[in-house]
Amino acid sequence: QVQLVESGGGLVQPGGSLRLSCAASGSILSIPLMSWYRQAPGNQRDVVATITNNDNTNYKDSVKGRFTISRDNAKNTVYLQMNSLKPEDTAVYYCNAAVKTAPGTRTTPYWGQGTQVTVSS
């Protein structure tokens with residue numbers, strides 16, 4: 001089994017910053033892809049940023065230049081540095097890891113429990 005534990009959410013004023021962390025543990029051989037998603041009330045869950053295990057990144061257009069995704073492969077941890085936060089960034093943020101648990105097998109997606117980010121004055 002694999003567990004993902006998130007931390008770092010909270011309340012911040014517009015223009016402020018937060019850093020989210022997500023640590024994966026359990027039966028892990030490798031994690032080719034790690035991602036951050038977010039879901040605001042009444043909306044679907046959307047991908048915010050992705051990073052491969054050789055640090056190729058992609059971002060949702062609305063967060064480019066403000067958010068930075070990074071990872072520490074030795075710790076199986078992914079981070080999301082969020083700067084210049086806006087009220088529209090308010091959502092529950094979820095990490096996702098595509099995990100390979102054994103050689104020759106396909107990856108299995110796992111989700112964190114979610115962490116609330118609220119941007120408000």
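# Salt bridges, sheet and disulfide

Asp-61 is exposed, as its relative accessible area is 61%. This value, like every other one in this report, comes from a predicted model. The exposure class follows because 61% is over the 50% limit for exposed residues. The side chain of Asp-61 takes part in a salt bridge with that of Lys-64, with an N to O distance of 3.1 Å.

## Salt bridges

How many salt bridges does a search of the whole structure find? The search returns 3. They are listed here with their distances.

| Salt bridge | N to O distance |
|---|---|
| Lys-64 and Asp-61 | 3.1 Å |
| Arg-38 and Asp-89 | 3.0 Å |
| Arg-66 and Asp-89 | 2.8 Å |

Asp-89 appears in two rows of the table, once with Arg-38 and once with Arg-66. For the pair with Arg-66, the closest N and O atoms lie 2.8 Å apart. Asp-89 sits in the loop between S8 and S9, whereas Arg-66 belongs to the loop between strand S6 (57-59) and S7, so this salt bridge ties together parts that are 23 residues apart in sequence. Asp-89 and Arg-66 are both buried. Through shared partners, the salt bridges join Arg-38, Arg-66 and Asp-89 into one network.

The contact of Asp-89 with Arg-38 is a side-chain salt bridge with an N to O distance of 3.0 Å. This pair links distant parts of the chain, 51 residues apart: Asp-89 is in the loop between S8 and strand S9 (91-100), and Arg-38 is in strand S4 (residues 30-39). Arg-38 is buried, and Asp-89 is buried as well. As general background, side chains of opposite charge can pair when their charged atoms come close.

## The four-stranded sheet

An open sheet is built from 4 strands in the order S1-S3-S8-S7, and the pairing is antiparallel. Which strands stand at the edges of this sheet? Strand S1 (2-7) and strand S7 (67-72) do; each has a single partner strand, so one side of each is left without a neighbour in the sheet. Direction ignored, neighbouring strands are turned by 15° against each other on average.

S8 pairs with S3 and with S7, and the bridge counts can be given for each pairing. Strand S3 (residues 18-26) is antiparallel to S8, with 6 bridges between them. S7 and strand S8 (residues 77-82) are also antiparallel and are paired over 6 bridges. Gln-81 in S8 is the bridge partner of Arg-19, and Gln-81 also has Thr-68 standing opposite. Further along, Arg-71 is opposite Val-78 in S8. S8 is mostly covered, with 5 of its 6 residues buried.

S7 and S8 form a hairpin with 4 residues between the strands, in which Asn-76 takes a positive phi near 50°. For strands in general, side chains alternate between the two faces of the sheet when the strand is regular.

## The disulfide and Leu-4

The structure holds 1 disulfide. It is formed by Cys-22 and Cys-95, whose sulfur atoms are 2.0 Å apart. The link is right-handed, with 45° about the S-S bond. Cys-22 lies in strand S3 and Cys-95 in strand S9, so that the pair links distant parts of the chain, 73 residues apart. Are the two cysteines buried or exposed? Cys-22 has a relative accessible area of 0% and is buried, and Cys-95, also with 0% relative accessibility, counts as buried.

Both cysteines are among the contacts of Leu-4, a residue of strand S1. Leu-4 is buried, with a relative accessible area of 8%. Neighbours within four places in sequence left aside, Leu-4 is in contact with Cys-22, Ala-23, Ala-24, Cys-95, Asn-96, Ala-97, Tyr-110, Trp-111, Gly-112 and Gln-113. The C-alpha atom of Leu-4 is separated by 14 Å from that of Thr-101, 97 residues away along the chain.

## Thr-50

Thr-50 belongs to strand S5 (residues 46-52). Its relative accessible area is 17%, and Thr-50 is therefore buried, the limit being under 20%. With neighbours within four places in sequence left aside, the contacts of Thr-50 are Leu-33, Met-34, Ser-35, Asn-56, Thr-57, Asn-58 and Ile-69.

Definitions and conventions:
Residues numbered from 1 in each chain as written. Predicted model: local features only at pLDDT ≥ 70, side-chain atom pairs only at ≥ 80, totals over all residues. Heavy atoms only, no water. Pairing = 2+ DSSP bridges. Helix = DSSP H or I, 4+ residues; strand = E, 2+ residues; numbered from the N terminus. Axes fitted to C-alpha atoms, helices over the stretch in contact; angles between N-to-C directions. Buried < 20%, exposed > 50% of the residue type's maximum accessible area, 1.4 Å probe, protein only. Contact = heavy atoms within 4.5 Å. Salt bridge = Lys/Arg side-chain N within 4 Å of Asp/Glu carboxyl O. Disulfide = S-S within 2.5 Å.
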